Amino acid sequence: MWCKKLMERGGYYRDCCTCLLPPVQKAFIRQRGSLILKRREFSIGACATILSLPSIALANKYPDRPIKLIVPFAAGSSPDTNMRFFAHEFGKVLGQPLVVENRPGANGITGTIGALGSPKDGYSIMYVNANTLAINPYLFPKQKYQPLRDMTLLGMTSLGANILVTRPTLEVKNVAELIALAKAKPGVLSMGSSGTGTTGHLSGELFKEMAKIDVVHVPYKGSAAAYTDLTAGRVDFMFDNLVSLGTQEKDGRVKVLAVTTAERNGILPHVPTLKESGLKEYEVLSWGGIAAPKGIPEPIVTALREALDKVKQSPTYVDYFKKIGGFMLPSMTEAQLVSFVQAEEKKWSAIIKKSGAANT
């Protein structure tokens with residue numbers, strides 16, 4: 001009688017435990033089982049090849065319809081402005097339009113979570129920046145996503161500067177005078193920002209720490225509202241992205257005291273850096289990029305990365321960012337992108353911890 005021990009490797013009889021079969025019959029069973037196993041291995045390999053064909057076919061015709069670009073910030077914000085220009089250029093390279101969809105809220109968390117829940121087919125990608133990749137995990141430790149776990153980083157689109165601006169009636173001409181005034185009036189001067197946890201806010205927190213001054217943070221819902229109160233004299237100074245400045249310095253509505261990058265900016269050559277102004281270790285970069293939900297087919301990831309590299313080399317795109325004071329980051333491998341984000345995480349997490357800005 002056959003027993004269960006005879007069933008091995010898919011149920012084919014390989015040996016006998018109680019019934020003593022003739023050696024020739026046992027040899028035949030072993031040979032037959034080995035042959036069937038080889039056939040099974042071939043079948044599994046063939047199935048794997050067949051299953052991979054849809055992904056290959058998808059990549060070959062990708063994209064065959066418009067792609068959604070989710071920007072987790074408000075329409076009219078500097079990320080939105082930049083991404084609409086980027087979407088136009090990216091669409092020309094891909095041969096399909098990119099449709100920008102704004103999903104603002106919670107410092108970029110709302111739109112990012114929405115984007116991560118999109119189908120993993122390459123037709124929904126997202127804008128990412130220092131906030132959504134390097135700041136939010138430490139500012140909002142209970143947020144529902146982990147960037148490097150849940151996203152595929154496609155590449156960085158630009159690098160820029162933040163600026164330190166004051167109301168036009170504030171009686172200071174440079175950074176040193178602003179610091180001196182803040183020290184003479186601790187807790188009196190107000191520092192606006194486009195929102196808690198933005199790079200503008202945290203640039204200010206770093207400034208406060210390094211200058212050893214006590215000022216009051218006043219967060220707004222976006223740069224436009226902050227600038228309205230700054231020009232009206234209701235707040236004294238603020239840090240914000242250079243893109244949001246527009247013509248306000250030329251019109252005399254604000255005074256620009258410094259830029260946050262290590263070197264002066266090409267469109268504000270008369271404005272010193274904070275390093276030049278006495279804070280020798282001060283440097284803050286403003287940057288943005290593109291990502292997709294983790295799990296989209298690798299051929300599509302490659303296609304998107306190649307298209308992004310072409311856009312960044314486009315004279316039209318390079319000229320656009322030069323005009324707004326930005327510049328291109330070099331193309332990076334996936335490992336280099338991860339290292340870049342990790343370095344930014346380290347910097348911003350330290351600032352958040354020291355400022356006490358984290359939300360629990």
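These notebook entries record what I looked up in this structure, which is a predicted model.

**Entry 1: nonpolar cores**

I began with the nonpolar side chains. In soluble globular proteins, such side chains tend to be buried together. I found that the largest nonpolar core comprises 50 residues. Within this core, L164, L178, F207, L274 and W287 have the most contacts. I then checked which element contributes most to this core: helix α11, spanning residues 334-355, supplies six residues. I also noted another core that lies apart from this one and has 30 residues, including F86, A87, F90 and V100.

**Entry 2: surroundings of W287**

I next asked which residues W287 touches, leaving aside those up to four places away in sequence. I listed Y127, N129, A130, L133 and A134 among them. The list continues with M156, S158, L159, F340 and E344.

**Entry 3: salt bridges around E101**

I turned to the charged side chains. Side chains of opposite charge can pair when their charged atoms come close. I recorded 17 salt bridges in the structure. In one of them, K68 pairs with E101, and the closest N and O atoms are 3.6 Å apart. K68 belongs to strand β3 (residues 67-71) and E101 to strand β4 (residues 98-102), so this pair ties together parts that are 33 residues apart in sequence. E101 also meets R103 in a salt bridge, with an N to O distance of 2.4 Å. I looked up the exposure of the three residues: K68 is partly exposed at 28% relative accessible area, E101 is partly exposed at 27%, and R103 is partly exposed at 24%.

**Entry 4: the E334 and R305 pair**

I then examined the salt bridge between E334 and R305, where the closest N and O atoms are 3.8 Å apart. This pair links distant parts of the chain, with E334 in helix α11 and R305 in helix α9 (residues 298-312), 29 residues apart. E334 is partly exposed, with a relative accessible area of 37%. R305 has a value of 18% and is therefore buried, given that buried means under 20%. I noted in addition that D64, R65 and D121 are joined into one network by salt bridges that share partners.

**Entry 5: the second largest pocket**

I closed with the second largest pocket, which holds about 240 Å³ of space. Its lining includes L242, V243, L245, G246, T247 and E249. K250, I267, L268, H270, K323 and I324 also line this pocket. Sorting the lining by class, I recorded six nonpolar, three polar and three charged residues.

Definitions and conventions:
Residues numbered from 1 in each chain as written. Predicted model: local features only at pLDDT ≥ 70, side-chain atom pairs only at ≥ 80, totals over all residues. Heavy atoms only, no water. 1 Å grid on protein atoms, 1.4 Å probe; cavity = no way out; pocket = protein on both sides within 12 Å on 5 of 7 lines; lining within 4 Å. Points joined across faces, edges and corners; volume = space filled by probe spheres on them. Nonpolar A, V, L, I, M, F, W, Y, C, P; charged D, E, K, R; others polar. Core = buried A, V, L, I, M, F, W, Y, C linked by side-chain atoms within 4.5 Å. Buried < 20%, exposed > 50% of the residue type's maximum accessible area, 1.4 Å probe, protein only. Helix = DSSP H or I, 4+ residues; strand = E, 2+ residues; numbered from the N terminus. Contact = heavy atoms within 4.5 Å. Salt bridge = Lys/Arg side-chain N within 4 Å of Asp/Glu carboxyl O.
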